[in-house]
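Colleague: I would like to go through this protein with you. Could we begin with the terms and then look at the details?

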Amino acid sequence: MQTTRTLAILIFDDVEVLDFCGPFEVFSVANEFTDSPVFNVLTVAENTGPILTCGGLSVNPHYCLADCPNPDLVLVPGGQGTRKQMHNPAIIDWIKMAAGKAELVLSVCTGALLLAKAGLLDNLETTTHHGAIDLLRQTAPKTMVHSDRRFIDNGRIICSAGIAAGIDMSLYVVGMLLGPDVAKKTAWHMEYPWNPRPHEIPGE
């Protein structure tokens, strides 16, 4: 019997929609190709009540920081809101706490800025949205920041570039945890033109 992993996706005001909705879709769809659901996908915010995303979409988080179940996987998306959340102790402390217990920690786009502020990227390699490369280098001076990679796997911490790159990273993680066949079926179901390089498909 396959283990069910809880994936907590952090959201906040001015979060980029596709940054979190793309991965949400990937991990949710992957459940359709397993004998029983293997991902419990949920959203978490600092407080209860609606979150207003970039573009004005209103989203209701499943949990607030105080009552969120301990996640096996943590995903931190980006968006303009990361500039404010970088200086929010409640958010940064939660990321530190959750990351300390999680199997994998994932970032999309400028979510890497929040991982950097939490001290999780020191001596690692990472990437972010092309428009925030310099800011990430300033924020994480002990980190090797790449501007030409769609995502980077450091082992337990995996970071992707901007917006749609989070879908590629999520498919990679599905392949890593469930095998490349499930990842390919997930991309096919989503009609997502996934064209990974050989090293971007775990197990192949």
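Modeller: Certainly. A residue is called exposed when its relative accessible area is over 50%, buried when that area is under 20%, and partly exposed in between. Please keep in mind that this is a predicted model.

Colleague: Then is Asn123 buried or exposed?

Modeller: Asn123 has a relative accessible area of 66%, so Asn123 is exposed. The residue sits in the loop between α4 (111-117) and β8 (125-126). Its phi is positive, about 65 degrees, although Asn123 is not a glycine.

Colleague: What is the phi of Asp14?

Modeller: Asp14 has a positive phi of about 65 degrees, and Asp14 is not a glycine. Asp14 belongs to the loop between β1 (5-10) and α1 (17-30). With a relative accessibility of 37%, Asp14 counts as partly exposed, because that value falls between the two cut-offs of 20% and 50%.

Colleague: Let us step back to the whole chain. How many helices and strands are there?

Modeller: The protein has 7 helices and 11 strands. The C-alpha trace spans about 40 × 35 × 30 Å along the principal axes.

Colleague: What does the radius of gyration say about it?

Modeller: A compact globule of 204 residues would have a radius of gyration near 17 Å, and the protein has 16 Å, so the value agrees with that expectation.

Colleague: How much of the protein is buried?

Modeller: Buried residues account for 54% of the 204 residues. The accessible surface comes to about 9200 Å², and carbon and sulfur atoms hold 49% of that surface.

Colleague: And what about the charges?

Modeller: There are 14 positive and 22 negative side chains, and the centres of these two sets are 7 Å apart.

Colleague: Let us turn to the interior. Which residues touch the most other members of the largest nonpolar core?

Modeller: That core has 67 residues, and those touching the most other members are Leu10, Phe39, Trp94, Ile95, Leu114, Leu115 and Val174. Helix α6 (residues 165-178) supplies the largest share of this core, with 8 residues. In soluble globular proteins, nonpolar side chains tend to be buried together.

Colleague: Which residues does Leu115 touch?

Modeller: Leaving out residues up to four places away in sequence, Leu115 touches Val76, Ile95, Val105, Ser107, Leu120, Leu121, Ile157 and Cys159.

Colleague: Could we look at a residue in α6 as well?

Modeller: Met169 is found in helix α6. Its relative accessible area is 0%, so Met169 is buried. Beyond its neighbours within four places in sequence, Met169 is in contact with several residues, including Leu75, Leu106, Phe151 and Ile158.

Colleague: Where is Trp194?

Modeller: Trp194 lies in the segment after α7 (180-190). It counts as buried because its relative accessibility is 12%. Trp194 and Leu171 are 23 residues apart along the chain, and their C-alpha atoms are separated by 8.6 Å.

Colleague: One last residue: is Pro37 buried or exposed?

Modeller: Pro37 is exposed, because its relative accessible area is 52%. Pro37 lies in the loop between α1 and β2 (39-45). Not counting residues up to four places away in sequence, Pro37 touches Thr4 and Asn31. Pro37 and Asn60 are 23 residues apart along the chain, and their C-alpha atoms are separated by 23 Å.

Conventions. Residues are numbered from 1 along each chain as its sequence is written. This is a predicted model: local features need pLDDT of at least 70, side-chain atom pairs count only at pLDDT 80 or more; totals for chains, interfaces and linings use all residues. Side-chain values use heavy atoms; hydrogens and water are left out. Helices (H or I, at least four residues) and strands (E, at least two) are DSSP runs, numbered from the N terminus. The radius of gyration is taken over C-alpha atoms; the globule rule is 2.2 Å times the number of residues to the power 0.38. Buried means under 20% relative accessible area, exposed over 50%, partly exposed in between (1.4 Å probe, protein chains only). Accessible areas come from the Shrake-Rupley method with a 1.4 Å probe; for residues, only the protein chains shown count as cover. Lys and Arg count as positive and Asp and Glu as negative; His and the chain ends are not counted. The place of a charge is taken as NZ of Lys, CZ of Arg, CG of Asp or CD of Glu. A nonpolar core is a set of buried Ala, Val, Leu, Ile, Met, Phe, Trp, Tyr and Cys residues joined through side-chain atoms within 4.5 Å. Contact means heavy atoms within 4.5 Å.
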